[in-house]
Amino acid sequence: LIVSNPPYVTEDEYESLDQCVRDFEPKLALVASENGLEFYNRILSGLGSRLNEGGSALFEIGASQATELKAMAIEHGFTSPEVLNDLTGRDRYLKISI
């Protein structure tokens, strides 16, 4: 099992984050380039060699990134990426299983 919460906030989103987030989390831990997808692309490119058969990876995602990340996972050779919701019903997690 691999679990990751990479930076996924865009520069524009960062400016509108609640002050309690901006003031207490380093920007480096929140913001990613490539429309917030930079680290997912990097992680997905090496994920296949890191997961054993029957293994899974779970990633926290931005609520607006689900469609793009599922497509990205498929481009990297993962056949059945799933998007899971958080307790408020928003798309919040990407699950990849082998």
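**Warm-up.** Which side chain meets Arg92 in a salt bridge? The side chain of Asp86 does, at 3.4 Å, N to O. A salt bridge here is a side-chain nitrogen of Lys or Arg within 4 Å of a carboxyl oxygen of Asp or Glu. Both Arg92 and Asp86 are buried (under 20% relative accessible area; exposed is over 50%, and partly exposed lies in between, with a 1.4 Å probe and protein chains only).

A bit of bookkeeping before the rest. This is a predicted model, where local features need pLDDT of at least 70 and side-chain atom pairs count only at pLDDT 80 or more, while totals for chains, interfaces and linings use all residues. Residues are numbered from 1 along each chain as its sequence is written, and side-chain values use heavy atoms, with hydrogens and water left out.

**Exercise 1.** Work out the fold pattern and the overall dimensions of the chain.

*Step 1.* Start with the elements: the chain has 6 helices and 4 strands. These are DSSP runs numbered from the N terminus, with helices being H or I of at least four residues and strands E of at least two.

*Step 2.* Put them in sequence order and you get β-α-α-α-α-α-β-α-β-β.

*Step 3.* Now the dimensions. Along the principal axes, the C-alpha atoms fill a box of roughly 40 × 25 × 20 Å. The radius of gyration is 14 Å, which agrees with the value near 13 Å for a compact globule of 98 residues (taken over C-alpha atoms; the rule is 2.2 Å times the number of residues to the power 0.38).

*Step 4.* Check the packing: 35% of the 98 residues count as buried. Among contacts (heavy atoms within 4.5 Å) with a separation of 6 or more, 60% come from residues 24 or more positions apart.

**Exercise 2.** Track down the other salt bridges and place each partner.

*Step 1.* The structure holds 3 salt bridges, and the Arg92 to Asp86 pair from the warm-up is one of them.

*Step 2.* Lys27 and Glu11 form another, at 3.2 Å, N to O. Lys27 sits in helix 3 (residues 27-30) and Glu11 in helix 1, so this pair ties together parts that are 16 residues apart in sequence. Lys27 is partly exposed at 36% relative accessibility, and Glu11 is partly exposed too, at 41%.

*Step 3.* Glu38 pairs with Arg42, the closest N and O atoms being 3.2 Å apart. Both lie in helix 5 (residues 38-47), 4 residues apart, about one turn of the helix. Glu38 counts as buried at 19%, whereas Arg42 counts as exposed at 52%.

**Exercise 3.** Describe the surroundings of Thr10 and Glu60.

*Step 1.* Thr10 belongs to the loop between strand 1 (2-4) and helix 1 (11-16). With a relative accessible area of 12%, Thr10 is buried.

*Step 2.* Skip residues up to four places away in sequence, and Thr10 touches Val31, Ala32, Asn35 and Gly36.

*Step 3.* Glu60 is in strand 2 (residues 56-60) and counts as partly exposed at 22% relative accessibility.

*Step 4.* Leave aside neighbours within four places again: the contacts of Glu60 include Ser4, Asn5, Tyr40 and Arg92. Pro6 is also in contact with Glu60; their C-alpha atoms are separated by 7.3 Å, though the two residues are 54 apart along the chain.
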